[in-house]
Amino acid sequence: MADTLTVTDNRTGKSYEIPIANDTISAMDLRQIKVNDTDFGMMSYDPAYKNTASCISRITYIDGGKGILRYRGYPIEQLAETSSFLEVAFLLLRGELPSQSEMAGFQYEVKHHTLVHENIRELMEGFRYDAHPMGILMSTIAALSTFYPEAKNVDDAENRWLQIVRLIGKLPTLAAYAYRHRRGLPYVYPDNELSYSGNFLNMMFKMTERSYEPNPAVEKALDVLLILHADHEQNCSATAMRGVGSSRVDPYSALAAACAALYGPLHGGANEAVVRMLQEIGSKDAIPGFIKQVKEDRSVRLMGFGHRVYKNYDPRAKVIKKMAYEVFDAVGKNPLIDIAVELERIALEDEYFVNKKLYPNVDFYSGLIYQAMGLPMDMYPVLFALGRCAGWLAQWQEMLTDDEQRIARPRQVYLGSGSRDYVPLSDR
Ligand code: ACO
């Protein structure tokens with residue numbers, strides 16, 4: 001059986017044999033299909049990239065139909081159960097799990113890049129007291145590019161690695177500063193004695209105690225949440241990271257763009273929207289009415305349900321749902337969980353959701369854990385960004401080292417006006 005696709009252009013009667021590799025055809029192979037010599041050639045039309053592979057990747061595998069997610073081949077459930085976020089970050093970035101000495105070295109490197117220049121603190125002071133922490137985070141990430149001008153040398157592997165370590169080290173500091181700014185609290189410097197997640201909790205919540213001791217259940221849960229969010233192949237923000245990075249801009253600028261993509265309510269903002277939705281529903285009795293509204297009014301969505309890729313239960317949502325109860329045991333139950341569980345049960349039995357294959361996604365339960373931890377809602381996408389930073393950087397690095405990649409520049413189908421003469425303003 002030949003690995004080719006035969007295409008017959010019925011406009012001309014000509015046939016073309018197009019090679020198939022990895023179950024795909026190259027869009028450029030369509031260009032030879034022309035009506036005549038002056039014809040530009042055939043393109044594929046794919047708004048929102050619903051069926052277009054934009055890269056070859058070896059980082060994350062998803063089987064949306066079966067609900068499978070693996071980083072570098074390792075099932076997400078195993079990593080969530082036994083690994084740590086920094087180990088997963090190393091795995092995503094380097095392709096293999098670290099040896100013990102590599103792990104110790106990576107931890108040392110990251111911990112020694114957690115401080116930010118004092119000017120960044122001053123920059124933060126300029127934001128209004130109620131500035132959204134995601135806005136502060138993306139602005140200060142972009143600002144970091146001005147502190148490390150050598151980061152422009154994106155083709156130098158050693159220099160690239162330094163910026164990667166800096167970003168993984170500094171993001172929790174920026175995120176925690178953004179939170180403290182919002183609360184009007186003094187900033188807390190990193191504590192290198194603590195784990196990556198423990199230190200983040202320290203920078204967020206330390207008050208007057210001499211040294212901060214994170215609650216082990218909360219520290220573990222946060223680390224697992226970072227692992228679960230660490231990568232998700234070519235999602236909207238990873239695509240932004242790759243697209244912006246393809247111009248060879250420094251990684252701080254590209255990562256700020258990825259953060260901006262994540263900020264949107266259809267992406268990283270959904271966990272916040274879920275909590276707001278559950279609060280609005282208010283009680284289990286109101287669930288059937290809400291479901292009816294979702295089905296009748298296309299502008300109302302069951303937030304935290306549905307996914308472009310998963311047409312089955314999102315494996316991350318399963319881990320988070322289980323972990324939610326462990327966190328509640330440690331810090332007290334979030335009463336909204338009962339509404340969420342009932343809402344899930346009713347939706348999964350409803351024809352509308354069954355037929356459209358809409359299942360809970362990662363955001364359905366994560367917000368409830370964040371809320372129980374005492375985090376304000378506008379910090380949820382910030383936490384998502386902390387985890388996803390590892391994936392963005394892995395995707396960025398893979399893009400830069402892929403010989404097939406060029407500056408991202410899609411084509412368009414132009415259906416606007418034909419050529420027409422300018423009419424002076426006085427004649428209009
Ligand atoms: N509630 C109700 N109906 C839905 C929902 C939902 N949450 N999601 C999809 N649908 C319906 C759509 O109305 C559409 O119906 P139609 O075929 O009759 O037109 C159909 O299911 C397909 O939906 P699309 O929007 O075309 O699917 P797409 O792949 O473009 O969108 C998305 C995926 C954005 C995640 C969507 O399911 C959604 O808006 N969900 C709610 C927001 C959310 O939870 N986002 C988090 C995503 S995960 C993440 O970013 C980490």
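Me: Domain bounds come from an automatic or database domain assignment. With that in mind, why does the second largest pocket lie between domain 2 and domain 3?

Reply: Domain 2 (74-264 + 377-400) and domain 3 (270-372) each give residues to its lining, so the second largest pocket lies between the two. Keep in mind that this is a predicted model, where local features need pLDDT of at least 70, side-chain atom pairs count only at pLDDT 80 or more, and totals for chains, interfaces and linings use all residues. Residues are numbered from 1 along each chain as its sequence is written, and side-chain values use heavy atoms, leaving out hydrogens and water.

Me: What makes Glu77 part of the lining of the second largest pocket?

Reply: A lining residue has an atom within 4 Å of a grid point (1 Å grid over the protein atoms alone), and a pocket is an open set of points with protein on both sides within 12 Å along at least five of seven lines. Glu77 is on the lining list, and so are Ala80, Lys220 and Met323, among others. H13 gives the largest share, five residues. Helices H1 (76-82), H8 (216-228) and H13 (315-331) each give two or more; a helix here is a DSSP run of H or I, at least four residues, numbered from the N terminus. By class, the lining has seven nonpolar, no polar and five charged residues; Glu81 and Lys322 are in it, and they count as charged because Asp, Glu, Lys and Arg do.

Me: What makes the contact between Arg298 and the ligand a polar contact?

Reply: A polar contact is a pair of N or O atoms within 3.5 Å. A polar side-chain atom of Arg298 lies 2.9 Å from an oxygen atom of the ligand, so this pair fits. For Tyr352, an N or O atom in the side chain is 2.9 Å from a ligand nitrogen. Leu266 fits too: a polar backbone atom there is 3.4 Å from a nitrogen atom of the ligand. Overall, the protein covers 78% of the 910 Å² of accessible area that the ligand has on its own (Shrake-Rupley method, 1.4 Å probe).

Me: Why is the space lined by Leu86, Asp191 and others called a cavity?

Reply: In a cavity, a 1.4 Å probe fits but cannot get out. The structure holds one cavity of 30 Å³ or more, with about 70 Å³ of space, counted as what probe spheres on the points fill. Helices H3 (100-111) and H7 (196-205) each supply at least two lining residues. By class, the lining has four nonpolar, four polar and two charged residues.

Definitions and conventions
A polar contact is a pair of N or O atoms within 3.5 Å; within protein, one must be able to donate a hydrogen and the other to accept it, and residues adjacent in sequence count only if both atoms are side-chain atoms.
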